[in-house]
Amino acid sequence: MKELITVVKAEKLTKVYSMPAEEIRAVDGIDLEIRKGDFVSLMGPSGSGKTTLLDLIGCLDSISSGSLTVLGHDVSKAKESQLVKTRRGSIGFVFQEFLLLQELTALENVELPLVFARREIDRDYCVKLLEKVGLGHRINHFPRELSGGERQRVAVARSLAVKPALLLADEPTGNLDTRNSDEIFALFKKLNAEDGITILVTTHNEKLGNLASRKFHLKDGRVTDVFGAPC
Ligand SMILES: Nc1ncnc2c1ncn2[C@@H]1O[C@H](COP(=O)(O)OP(=O)(O)OP(=O)(O)O)[C@@H](O)[C@H]1O
Ligand SMILES: [Mg+2]
């Protein structure tokens with residue numbers, strides 16, 4: 001039988017932003033579990049809390065209440081140094097804006113997370129990652145010398161450099177046309193199916209969101225619908 005490993009577990013997870021005029025419950029009592037090998041999409045209208053939830057799971061922001069365990073660490077109790085270590089060493093991030101460093105080549109961008117994680121740079125492995133995303137012929141190109149779809153594929157390769165236990169992608173196709181969006185999701189599907197990478201992705205695109213094996217719908221910081229069972 002396949003080993004079941006909980007990668008993320010949230011119980012009554014809540015994030016409140018206290019503003020001068022109001023309290024915004026961006027994430028409002030969410031229960032969710034993600035297991036190793038899951039491919040999960042988070043959908044919902046603008047402002048429903050998708051990015052906030054992803055940032056909490058990515059240990060990029062502190063939780064207000066409830067509990068959140070990420071890769072075995074209780075996020076509310078773990079030391080900041082442990083969270084930084086988990087974030088840099090075990091979680092891959094892909095963002096809508098690609099966020100590549102303009103003065104570095106595609107290959108150097110892919111290698112960068114290894115520098116931050118204080119790991120030895122395995123250049124051959126990073127080249128292999130670029131080959132995996134179909135960019136073996138573009139490794140020495142600078143971001144300005146790549147198309148939008150290619151830039152995002154570099155960002156996906158970069159997210160994999162640390163061999164993450166969890167890949168988080170926030171609206172990764174928001175700046176891409178239909179063809180490139182389809183390619184990025186096909187790539188996620190492949191990484192999940194062939195390499196067993198656990199993926200959590202937010203998207204406004206219903207068709208792409210349906211490619212995930214599980215789907216959560218959010219509204220006003222709450223989960224309104226769940227499709228599919230954990231891995
Ligand atoms: N740093 C912040 N300070 C205060 N309020 C915030 C902050 N970040 C987000 N919010 C508010 O929290 C709510 C959820 O925002 P969030 O960015 O998570 O939504 P989203 O579902 O990702 O939306 P979109 O689809 O537009 O990206 C919104 O009402 C937003 O205005
Ligand atoms: Mg968002």
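**Group meeting: threonine 14, its sheet and the ligand shell**

I would like to begin with a single residue, threonine 14, which counts as partly exposed because it has 18 C-beta neighbours inside 10 Å, where 20 or more would be needed for a residue to be called buried. Please keep in mind throughout that this is a predicted model, and that what I describe is computed from its coordinates.

Threonine 14 belongs to strand S1. If we set aside the neighbours within four places in sequence, the residues in contact with threonine 14 are Arg25, Val27, Asp28, Gly29, Ser64, Ser65 and Gly66. To give a sense of distance to another part of the chain, threonine 51 lies 37 residues away from threonine 14 in sequence, and the two C-alpha atoms are 13 Å apart in space.

From the residue, let me move out to the strands. S1, which covers residues 6-18, runs antiparallel to S2, and the two are joined by 10 bridges; as one example of this register, alanine 10 has leucine 32 of S2 as its bridge partner. The connection from S1 to S2 is a hairpin, made through 4 residues.

Both strands sit in an open sheet of 4 strands, in the order S2-S1-S4-S5, and the pairing is antiparallel. S2 and S5, the latter covering 73-74, each have a single partner strand and stand at the edges, so each of them has one side without a neighbour in the sheet. At the S5 end, the pairing with S4, residues 65-70, is antiparallel and rests on 2 bridges, and there threonine 69 finds its bridge partner in aspartate 74 of S5.

What lies across this sheet? Helix H1 lies across S1, S2 and S4, and its direction makes an angle of about 60° with S2.

That helix brings me to ligand 1. Which elements supply at least two residues each to the shell around ligand 1? They are strand S2, residues 23-35, and helix H1, residues 50-57, and of the contributions to that shell the one from H1 is the most, with 3 residues. In full, the residues around ligand 1 are Tyr17, Met19, Ile24, Ala26, Gly44, Ser46, Gly47, Ser48, Gly49, Lys50, Thr51 and Thr52, so that threonine 51, which I mentioned when speaking of threonine 14, is among them. By character, the shell divides into 7 polar residues, 4 nonpolar and 1 charged.

Elsewhere in the chain, I would draw your attention to helix H3, residues 106-116, in which Ala106, Leu107, Asn109, Val110, Glu111, Pro113 and Leu114 are buried. The buried residues of H3 pack against three helices, namely H2 (80-90), H4 (123-132) and H5 (148-160). After H3 comes arginine 118, which has a positive phi, near 55°.

Let me finish with the protein as a whole, which has 7 helices and 10 strands. Its radius of gyration is 17 Å, close to the 17 Å that the globule rule gives for 231 residues, so the protein is as compact as a globular protein of that length. Taken along the principal axes, the C-alpha atoms fill a box of roughly 50 × 50 × 40 Å. Of the 231 residues, 40% count as buried, and among contacts with a separation of 6 or more, 69% are between residues 24 or more positions apart.

Technical notes
Residues numbered from 1 in each chain as written. Chains lettered and ligands numbered in written order. Predicted model: local features only at pLDDT ≥ 70, side-chain atom pairs only at ≥ 80, totals over all residues. Near = placed C-beta within 6 Å. Nonpolar A, V, L, I, M, F, W, Y, C, P; charged D, E, K, R; others polar. Rg over C-alpha atoms; globule rule 2.2 N^0.38 Å. Buried ≥ 20, exposed ≤ 12 C-beta atoms within 10 Å, placed from the backbone. Contact = placed C-beta atoms within 7 Å. Pairing = 2+ DSSP bridges. Axes fitted to C-alpha atoms, helices over the stretch in contact; angles between N-to-C directions.
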